[in-house]
Structure formats: structure tokens, C-alpha cells
Amino acid sequence: MRDLSIDFLGFHCKNPFFLAASPVARTGEMVCRAYEAGWGGVVTKSISLDQDLPDHGLSPRFVGVRSGGADHMLQRNYTGMGNIDFRIDMPVQETFDGFARAKRQHPDHMLIISIKCQYQKEDWQIMARRCADAGADAIEACLSCPDSSGLPVCCSAEAVCRVIGWIREATDLPVMVKLGGICDSVGAIAHAAFAGGADAVSGINTLKAVGGWNPTTAHMMPTVAGETAVVGLSGGMIKPTAQYCIYEMARRSPGKPLSGIGGVTCGLDALEYLLLGASTVQVATQVMLEGYGIVEDLQLTLSNYLQETGAACVGDIVGTAVAQVQPSTGALSRRQQLRAGIDLSKCIRCGRCYVSCRDGAYQAIQLDGDRLPSVDRSLCAGCGLCRIVCPVPGAIRYSDAADETCVRDGLN
Ligand SMILES: Cc1cc2nc3c(=O)[nH]c(=O)nc-3n(C[C@H](O)[C@H](O)[C@H](O)COP(=O)(O)O)c2cc1C
């Protein structure tokens, strides 16, 4: 395994992989086990003052979400998760004490305590001081919780900067602010946050969503006494939106410390965040589904990538893909014109390329009497749809419109 260590907010971590604020980092005991499993650091579940209220947390609070309907999360074909898990079921001091113990037992692992407050200076300052007392290495200020009827703080640069200022007044700890994917311009808000004194920016939080309908009970899910509420959506479904946000932040604030969060399900997902400018990557949902052990795949994939590319350290690859992404299509070359070619030796005659091209693209694919497809290169726009729907890897290849060698190579 290559050396995967990084420096983040002045702390040396053995790798860039962190637990994200969520039930996976709800107690000090869980944090210790995560460190021992190999995580480079932990962002705790957000501590909030309402944990001291006497009422119970919600039950149930999770729903598995998949395209084509929502169902129970143990079904393997889910693509996301909805939750209404908006606080820790434990008194505030007990929670801080647990995290403090974890830090004392693992002084060489980074502990970032997440806090969440109403938009009130005194509350943020009380909680920030308690993070310092607990021995946190940094604070993540959750400004993007989806459980509010109005817009969260992260939608206003001015409000974000005000919270940063309040925390700064109360403690010397590094401050990371956690933004959401719903702001109009997440890159501009992150830029303002850095200008306003943030040491790092993380994102994204869960996205507001509706969890789906259970046809057996005829209730919306997760069902709490016959009703539900707006959920926070996480997991694979949100990865493209979350990566867009990190890309926007990296583009607007190059070289600044960013922590990418959202939809990491495997090592490749995590690597993408690093290439798009994140210095660290956080994971919640996939750990909830598969446990702390997934960090091994994250580390192995990163190590292999460093090996293959000859990069000296993780820092060398951070942000290397940002320049490949243009903020809009206007900047892309129109000169590249591709055409599809079908390798009949691999074709299984399923007809999916034909149907999709006929009803969703340029009517360039025909089927013969034996259901063998062929491409009319004069109609093909090289859009890529047939390759997406084709179930056989490598059966559809693209080549330059002017290049007829694919036809000579036997591609149909
Ligand atoms: C059950 C659950 C609880 C969460 N609680 C918090 C929280 O307390 N504070 C916070 O900032 N984010 C919270 N999040 C959001 C995660 O930290 C993360 O931003 C989001 O889930 C996207 O990452 P993922 O796709 O890896 O889950 C929670 C997420 C889940 C799934």
C-alpha cells in the first residue's frame, strides 16, 4: 500500500477518508472503532442543544429509495436513502464526553466535532467552546440541515460568514462550514466563506426529498403514525450533484481545503472527489449499509491510482480533473464528430440500441430480419445513447465520423 497520508487543517491524517456526520459517528465508542478500522478521521454526528429536550427521537427514521419506487432499504437495488434522523438520542454533555474519551484514546487521529444550532450567536459560541473542551481538532458547522421549513443558513453568504465570525470569536479551533446542494451558487458561497474566515468548506449535506409511497400500507415513507415529513436524501443518487458542488467550489477557490461528501459507494467514487478538488472525502450512507470495513476499498483504489500514475503523494492528484470540466458547453469543441459502430461478434440481438435510437435519438439504427442491428452513419449523431443502453461492454464503439476504418474492421 502506498503512503496515503495528508495534512488537513494542520493535522496529519493517515489517509483522506473520513466518516461523515451521521449515525456512523454518533458515539465515542463508534469513533474509536472507526479509527481502528482504518479511517483517517471522523466528523461526528452534529451535536445540537435540542438533544437535552425530554421527547423521543423519531421512529422509524430511514427509508431505502430506488428508481422505480421506494422500498425497504435492505433490498439491494436501492440507489439512495432518505432519513429524518435529525439529532442524537443522548444528552449533549454525555455526547461530548464520549467524543472526548475517543480523542484521548486516539490522539493521533483527527476528530472534527460537528455542531448544529439555531441562527443565534450565543448558541454557536456555547457549542464551539464545548468542542474545544472536548479536545476536538476542528469544528464542522452544519449550516445545511434539510430539516427546516425555510432556507438553511448556507443559502446566504452573509449568514454563513456571520456564523463563522461567531465561532471564531469563541475558539481558536479551525472551522469548516458544511454547505448544501440547494444554494443557487455553491461555489460563490464557498468563496465567500473562505473570505469570511473559514479554514475549510465541506459539502454537500443531504438534499430535501420525499421518501416514496408504500403500496402495501398506502402510506408515504418513512411512516410515523400515518404521516411522514420531508426527508434528507443521501447515497449514490446524490453523487453527481455533490460532485458538481465540489467542482464549483474548487473552481472558484483553487487550492483551498475542501471536504467532498455525497454518494460515495466505492473507492472509485472517492477518487473522483479527490480529482475534482476535495482534500478529504467523507462517507455516511454506504457505511450505514456496509460498515466501517469499506475504508479498505477506498484505500486500495487510491493506492493503486497513485501507483499507476506515479504520483508522489495524495496531494499531487487533488484537483487534477477540475480543468477538464468546463462550466458550460459553450466552451467545448464542435469539431469532434463521432459515429457509432456495432461489433456483431459481441451483439446479443436484444434490440435495445434500436429502440432507444428510434424513440430517444436520431433513428440511425435499423434491425434486420435476424434482429441484427446496423448503423446508418449519415444519420448517426454520435450522441452516445446506444452505448449506454447496450448490455454488452465493448459491443458498441465510437470513431471519428471521417474515419471509415471501423466499417472495414467489421463494425456494423
Ligand atoms: C442518517 C443520516 C443522518 C445525518 N445526520 C447529519 C448530521 O447530523 N449533520 C450533518 O451535517 N449531516 C448529516 N447527515 C448528512 C451526511 O453527513 C452527508 O452529508 C450526506 O448523507 C451525504 O453523504 P452520503 O451520501 O455518503 O450519505 C446525515 C446523513 C444521514 C444519512
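Let's start with how the protein chain is split up: it is divided into domain 1, covering residues 6-324, and domain 2, covering 333-408. Take the C-alpha atoms of each domain, find the two centres, and you get 42 Å between them. Keep in mind as you look around that this is a predicted model.

What is the chain built from? You can pick out twelve helices and 21 strands in it. The radius of gyration comes to 24 Å, and the globule rule gives 22 Å for 412 residues; those values are close, so the chain is as compact as a globular protein of that length. If you'd rather picture a box, the C-alpha atoms fill one of roughly 75 × 55 × 40 Å, taken along the principal axes.

Now for what goes on inside the chain. Of its 412 residues, 46% are buried. Next, think about contacts between residues with a separation of 6 or more along the chain: 69% of these link residues 24 or more positions apart.

Finally, let's visit the ligand. How many residues surround it? The count is 26, and the closest are A20, S46, S234, A284 and T285. Some elements give two or more residues to this shell, namely strand β7 (80-83), strand β15 (231-234) and helix α8 (285-290). And what sort of residues make up the shell around the ligand? They divide into 13 polar, ten nonpolar and three charged ones.

Methods
Residues numbered from 1 in each chain as written. Predicted model: local features only at pLDDT ≥ 70, side-chain atom pairs only at ≥ 80, totals over all residues. Near = placed C-beta within 6 Å. Helix = DSSP H or I, 4+ residues; strand = E, 2+ residues; numbered from the N terminus. Nonpolar A, V, L, I, M, F, W, Y, C, P; charged D, E, K, R; others polar. Rg over C-alpha atoms; globule rule 2.2 N^0.38 Å. Buried ≥ 20, exposed ≤ 12 C-beta atoms within 10 Å, placed from the backbone. Contact = placed C-beta atoms within 7 Å. Domains from an automatic or database assignment.
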